[in-house]
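Visitor: I'd like a close look at one single part of this model rather than a tour of everything. Could you pick one helix and walk me through it?

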Amino acid sequence: MNFLLSNKKSVILILIAILGTVFLMQEKQYDNDFYKSYLDKKNKEMQDFDLSEKLIAIAYSYSQDNNLSKIYRNTMYDCLGSSIYKGKENSLLSSTLQACKEDYINLDKKAIYYNQAWLMRDFSQWDGSYILLERIIKKHIKAKESYKMRSVSHKMVFEDKRPHMYVQIDYTAANLGGRMYEKSMSIKVDAKTKELYDLR
């Protein structure tokens, strides 16, 4: 008892940390009808940054409403994030959701998808730059204010031994003498973990 009284602050902080961890570990619940207001959207529309942000909620909501296993919900999200890019641009989300559900049933719950929408979330909606690579570039530049992105390109390479997204940024920046130069930097992003590797 004396230990608890003398370490009251520590005990309170530990309890708060435990409660916070339990709260964060709880799976977020979505209304079963959430996905229904997006059924008439086309795959191309769902690629829009604001709508693609809602894909996980759509996937969870649809899974709940269709009594699909909780274990499959993240795979449903991956299926949607893949299908809105790989499927026909004018196909409705209702068809895409149905196709993902059929994959779940027909492939014996073992379907694997590379979620392009999830990978695309790290591109800036303002200027299209790949935020994670741009941070690395700026760390290598002495005169950071001189940095100017010229172009950014990306390519999905899911057939590779290590499926990934390839990103390249072309930019200009000043060297130590103040002279401007053009340079490129590229990186690969693991399609399942988003681990950055093979920086060049």
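Guide: Here's a look at helix H7, with a little context around it. Keep in mind that this is a predicted model. The protein chain has 9 helices and 4 strands, and along the sequence the helices run α-α-α-α-α-α-α-α-α before the β-β-β-β part. Of its 200 residues, 38% count as buried.

H7 itself covers residues 93-106, 14 residues in all. From first C-alpha to last it reaches 20 Å, close to the 20 Å expected at 1.5 Å a residue.

Now for which way its side chains face. In H7, the buried residues are Leu-93, Thr-96, Leu-97, Cys-100, Lys-101 and Tyr-104. They sit on the same side of H7, because they cover an arc of only 140° around the axis. The spacing fits the usual rule: an α-helix has 3.6 residues a turn, so residues three or four places apart point the same way. Note that Lys-101 is on that buried list too, where buried means under 20% relative accessible area.

What does that side pack against? The buried residues of H7 pack against helix H3 (43-46), helix H5 (55-65) and helix H6 (73-86). Flip to the face turned away from the buried side, and you'll find the exposed residues Ile-105 and Asn-106.

For the wider picture, take contacts in the protein chain between residues at least 6 apart in sequence: 56% of them join residues at least 24 apart.

Key. Residues are numbered from 1 along each chain as its sequence is written. This is a predicted model: local features need pLDDT of at least 70, side-chain atom pairs count only at pLDDT 80 or more; totals for chains, interfaces and linings use all residues. Side-chain values use heavy atoms; hydrogens and water are left out. Helices (H or I, at least four residues) and strands (E, at least two) are DSSP runs, numbered from the N terminus. The expected span of a helix is 1.5 Å times one less than its number of residues. Buried means under 20% relative accessible area, exposed over 50%, partly exposed in between (1.4 Å probe, protein chains only). The arc is that of the directions from the helix axis to the C-beta atoms. Contact means heavy atoms within 4.5 Å.
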